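Subject: Structure handover and notes

Hi,

Here is the structure I promised to pass on. My notes follow below it, so have a look at the model and then read on.

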Amino acid sequence: MSTLLIRHIKTLVQAETNLRPFVKGADMARLPVLNDAFLLIKDELIHSFGPMSDCPDTADRTIDATGRMVFPSWCDSHTHIVFAASREEEFVSRIRGLSYEEIALQGGGILNSARRLQAASEDQLLEGAWQRLQEVIGYGTGAIEIKSGYGLSLESELKMLRVIRRLREISPIPIKATFLGAHAVPTEYKERRQDYISLIIHEMLPAVVEENLADYCDVFCDKGFFTVEETAQILRAAADYGLKAKIHANELGYTGGVQAGIAAGAISVDHLEYTGEAEIAALLDSHTLPTLLPSCAFFLGIPYAPARRMIDAGLPVVLATDYNPGSSPSGRMSLVVALACIKMKMLPEEAIQAATINGARAMELEASYGSIASGKVANLFITKPMPSIAYLAYAFGSDLTETIILNGKIWGGLDSNK
Ligand code: NIG
Ligand code: FE
């Protein structure tokens, strides 16, 4: 057994003795913290924490965290980090005046990424995704969900999901995999959409399940992509195969996507830039989590989801990066936390809860990740010296992560081993 002791922690953030599976409404502002604290790690697990007056005398290794804070690692529950190429040419087209939907209609966007992914080998995709995974670990992410959806053919969707499986084998952090065959309708199916949906239901889903490649099934239920009826059809088939839903909804309009996700018992409905009273009421009456992706709204210049109204109504808001080459080419959770505060009027405490324990819940990982608690996996980061918790959101351009601890060990940076 090996022990690691962190002493003189200025503030130990999200430290709990009574485990909360997730946090909602007014409780989101009540972030549990302990000042002048110690944290003891045994092997890969958090053993105990408390005030410095109770600090153990010795450990195999000791870190002095004077002036620094300790946070549980970020839990990023929505990403698309397996892709073949960046798309900055579309970014420039949008600067010149085209919209995201117009670019998609012209065969750009997701279809552009699909063409490039189909031409890439599994090894090439793995290399790119591995670099991105290490990049986000360096930003403090300690659990992540990754979607397919740039394959859009049986072979290429399986290729993406196998890349995610290989990533999982080498990753020091847990990865959940989501099958997103219904990300866009491929051009050759434009006039026969139902044939593509049949391909998803009768060929892709059985193959994905046969190889045990996915934990969840996603659909881009939105204007110009999949209708609520098509979404329901796909999610019903997924449920028959034992895959829970986790969907993209209401990014481009009031489509009924949120309600379709709830009706399918989705773990989460994600995006929600177009959310009104009907969507909030439906969410309040469900177990589905609303996941907001402010770096996507920021990058595309679309409205931000009404996080303030959601929390005031009593909902448990989740924050994630949506890291992907088209709508959010950033996997930095601390930027998401800052944007949530700056643009969506979330309090820093609320944003931190949304990016840790609620993110863990949106991946069904809350029993082992998302907070500092005895028995949870020791995935956490020590900050640079900081005056207050709010500073983390306020200093939106700074990288305040100083030391990363994964599975109870100090993570050595890019290309360090498991
Ligand atoms: O979450 N909205 C749908 N899917 C991704 C974007 C994919 C892309 O543009 O490549 C998203 O924003
Ligand atoms: Fe997404």
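Before the details, one cut-off: a residue is called buried under 20% relative accessible area, exposed over 50%, and partly exposed in between. Phenylalanine 299, with a relative accessibility of 21%, therefore counts as partly exposed. Please keep in mind that this is a predicted model.

**Aromatic pairs**

Searching the whole structure turns up nine aromatic pairs. One of them is made by phenylalanine 91 and phenylalanine 299, whose rings are stacked, with 5.3 Å centre to centre and 10° between the planes. This pair links distant parts of the chain: phenylalanine 91 belongs to helix H1 (residues 88–95) and phenylalanine 299 to helix H10 (residues 294–300), 208 residues apart. Phenylalanine 91, like its partner, falls in the partly exposed class, with a relative accessible area of 34% for phenylalanine 91 and 21% for phenylalanine 299.

Another pair is formed by tyrosine 391 and tyrosine 394, and this one is tilted, at 5.6 Å centre to centre and 40° between the planes. Why are these two tyrosines separated by about one helical turn? Because they are three residues apart in helix H15 (residues 390–394). Tyrosine 391 is partly exposed at 25% relative accessibility, whereas tyrosine 394 is exposed at 64%.

There is also a cluster, in which ring pairs link Phe71, Trp74 and Phe381.

**Charges over rings**

Two arginines are worth a look here. Arginine 132 has its charged end over the ring of phenylalanine 83, 3.6 Å from the ring's centre. Arginine 193 lies over the face of phenylalanine 226, and there the distance to the ring centre is 5.7 Å.

**A patch on the surface**

Phenylalanine 91 comes up again in a nonpolar surface patch, which it forms with Val92 and Ile95; together they have about 260 Å² of accessible area. Isoleucine 95 is found in helix H1. Is isoleucine 95 buried or exposed? Its relative accessible area is 61%, so isoleucine 95 is exposed.

**Salt bridges**

The general idea is familiar: side chains of opposite charge can pair when their charged atoms come close. In this model the count comes to 21 salt bridges. Here are some of them:

- Glutamate 90 pairs with arginine 87, with 2.8 Å between the closest N and O atoms. Glutamate 90 and arginine 87 are both buried.
- Arginine 168 meets aspartate 215 at 2.9 Å, N to O. The two come from distant parts of the chain, 47 residues apart: arginine 168 is in helix H5 (residues 154–170), and aspartate 215 is in the loop between helix H6 (193–210) and strand E9 (216–221). Arginine 168 is partly exposed, at 34% relative accessible area, and aspartate 215 is partly exposed too, at 26%.
- Arginine 308 and glutamate 350 join their side chains at 2.7 Å, N to O. This pair also links distant parts of the chain, from helix H11 (residues 307–312) for arginine 308 to helix H13 (residues 348–355) for glutamate 350, 42 residues apart. Arginine 308 is partly exposed at 25%, while glutamate 350 is buried, with 2% relative accessibility.

Beyond these pairs, Glu16, Arg20 and Lys376 are linked in a network of salt bridges.

**The iron site**

Which residues coordinate the iron ion (ligand 2)? The donors are His78 (NE2), His80 (NE2), His248 (NE2) and Asp322 (OD), at 2.1 to 2.2 Å. Along the sequence, the donor residues of this ion are spaced H-x1-H-x167-H-x73-D. Histidine 248 lies in strand E10 (residues 244–249) and aspartate 322 in the loop between strand E13 (318–319) and helix H12 (333–344), so this pair ties together parts that are 74 residues apart in sequence. Both of these donors are buried: histidine 248 has a relative accessible area of 2%, and aspartate 322 one of 1%.

If you open the model, you could begin with the iron ion (ligand 2) and its donors His78, His80, His248 and Asp322, then turn to the stacked rings of phenylalanine 91 and phenylalanine 299.

Cheers

Conventions: Residues are numbered from 1 along each chain as its sequence is written. Chains are lettered from A and ligands numbered from 1 in the order in which they are written. This is a predicted model: local features need pLDDT of at least 70, side-chain atom pairs count only at pLDDT 80 or more; totals for chains, interfaces and linings use all residues. Side-chain values use heavy atoms; hydrogens and water are left out. Rings of Phe, Tyr and Trp (its six-membered ring) pair if their centres lie within 6.5 Å; planes under 30 degrees apart count as stacked, over 60 as edge-to-face and the rest as tilted. Helices (H or I, at least four residues) and strands (E, at least two) are DSSP runs, numbered from the N terminus. Buried means under 20% relative accessible area, exposed over 50%, partly exposed in between (1.4 Å probe, protein chains only). A charge sits over a ring if NZ of Lys or CZ of Arg is within 6 Å of the ring centre and within 35 degrees of the ring normal. Patches are made of residues with over 30% relative accessible area and no salt bridge: like charges are joined within 9 Å, nonpolar side chains (Val, Leu, Ile, Met, Phe, Trp, Tyr) within 5 Å. Accessible areas come from the Shrake-Rupley method with a 1.4 Å probe; for residues, only the protein chains shown count as cover. A salt bridge is a side-chain nitrogen of Lys or Arg within 4 Å of a carboxyl oxygen of Asp or Glu. Donors are N, O and S atoms within 2.8 Å of the metal (3.2 Å for Na, K and Ca); water is not among the atoms, so sites may look incomplete.
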